[in-house]
Amino acid sequence: MNVILNTGRTVWQGQAIESGKDLQMYVDAAAICHMNREMMDQMGIEAGDNIEVLSDFGDVVVKVVETHETLPPGMIYIPMGPWANRVIDPDTDSTATPRFKNIPVEITPTAEEVLDMPTLMKVYKKYS
């Protein structure tokens with residue numbers, strides 16, 4: 001399914017960063033994808049299932065959570081962090097900040113596991 005990805009800070013992700021990026025708490029707070037129930041139903045997935053997110057810039061596996069916020073149809077949200085960074089455009093247009101919003105991605109259910117942060121940082125794939 002083709003959707004638009006937005007990223008940003010969350011309270012839980014910020015709290016987990018302070019505790020330690022190598023802890024499961026950080027994975028649980030940042031390696032997730034917020035989705036509307038309707039989109040989950042369309043894809044035949046449930047909260048806790050894993051999806052692969054693929055963009056022109058990379059790919060990542062994250063866990064699905066049902067959003068508590070309203071998301072427009074066709075939009076997903078991944079908290080800022082190493083997992084979101086795998087699929088965002090690294091170009092900063094000389095601003096020192098990459099684009100964290102409105103990224104076209106493809107999402108598919110997967111049996112692949114979500115990587116912890118140290119393992120994720122060791123995996124490198126070059127996209128063009």
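## Strand pairing, core and salt bridges

T7 stands opposite I78 in β5. This pair belongs to a predicted model, in which β1 and β5 are joined in the parallel sense by five bridges. The largest nonpolar core comprises 32 residues, and the structure also holds four salt bridges. The points below treat the strands, the core, two residues of β2, the loop residue T67 and the charged pairs in turn.

**Pairing of strand β1**

- Strand β1 covers residues 2-8, and five of its seven residues are buried, so the strand is largely enclosed by the rest of the structure.
- On β6 (residues 103-110), β1 is held by four bridges, and these two strands run antiparallel.
- Within that antiparallel pairing, V3 of β1 has V105 as its bridge partner in β6.
- With β5, by contrast, the pairing of β1 is parallel and extends over five bridges.

**The nonpolar core**

- Among the 32 residues of the largest nonpolar core, those with the most contacts inside it are M35, I51, V53, I76, W83 and I107.
- Strand β4 is the greatest contributor to this core, supplying four residues.
- I76 touches V3, I4, L5 and N6, and its contacts also include C33, H34 and M35.
- Further contacts of I76 are M39, L71, V105 and I107, where residues up to four places away in sequence are again not counted.
- V3 and V105, which are bridge partners, are thus both among the residues that I76 touches.

**C33 and H34 in strand β2**

- C33 is located in strand β2, which spans residues 32-35.
- The relative accessible area of C33 is 0%, under the 20% limit, and C33 is therefore buried.
- Beyond four places in sequence, C33 touches I51, V62, K63, V64, V65, I76, Y77 and I78.
- The C-alpha atoms of C33 and I51 are 8.4 Å apart in space, while the two residues are 18 residues apart in sequence.
- H34 also lies in strand β2, and H34 counts as buried because its relative accessible area is 17%.
- Leaving aside residues up to four places away in sequence, H34 is in contact with V65, T67, L71, I76, Y77 and P79.
- I76, Y77 and V65 appear among the contacts of C33 and among those of H34.

**T67 in the loop after β4**

- T67 is placed in the loop between β4 (59-66) and β5 (75-79).
- Although it is a loop residue, T67 counts as buried because its relative accessibility is 14%.
- A polar atom of the T67 side chain lies 3.0 Å from the backbone nitrogen of E69.
- T67 touches H34, M35 and N36, with residues up to four places away in sequence left out.

**Salt bridges around R37**

- R37 forms a salt bridge with D41, and the closest N and O atoms of this pair are 2.8 Å apart.
- Both residues belong to helix α3 (residues 37-43), where they are four residues apart and therefore separated by about one helical turn.
- D41 is partly exposed, since its relative accessible area is 48%.
- R37 is likewise classed as partly exposed because its relative accessibility is 24%.
- R37 forms a salt bridge with E66 as well, with the closest N and O atoms 3.4 Å apart.
- This second pair links distant parts of the chain, as R37 is in helix α3 and E66 in strand β4, 29 residues apart.
- E66 has a relative accessible area of 35% and is therefore partly exposed.
- A network of salt bridges links R37, D41, E46 and E66.

**The salt bridge between D59 and R86**

- D59 forms a salt bridge with R86, in which the closest N and O atoms are 3.9 Å apart.
- This pair also links distant parts of the chain, with D59 in strand β4, R86 in the loop between α4 (82-85) and β6, and their positions 27 residues apart.
- Both D59 and R86 are buried, whereas R37, D41 and E66 are partly exposed.

Terms used. Residues numbered from 1 in each chain as written. Predicted model: local features only at pLDDT ≥ 70, side-chain atom pairs only at ≥ 80, totals over all residues. Heavy atoms only, no water. Buried < 20%, exposed > 50% of the residue type's maximum accessible area, 1.4 Å probe, protein only. Polar contact = N/O pair within 3.5 Å; in protein donor to acceptor, adjacent residues only side chain to side chain. Contact = heavy atoms within 4.5 Å. Core = buried A, V, L, I, M, F, W, Y, C linked by side-chain atoms within 4.5 Å. Pairing = 2+ DSSP bridges. Salt bridge = Lys/Arg side-chain N within 4 Å of Asp/Glu carboxyl O.
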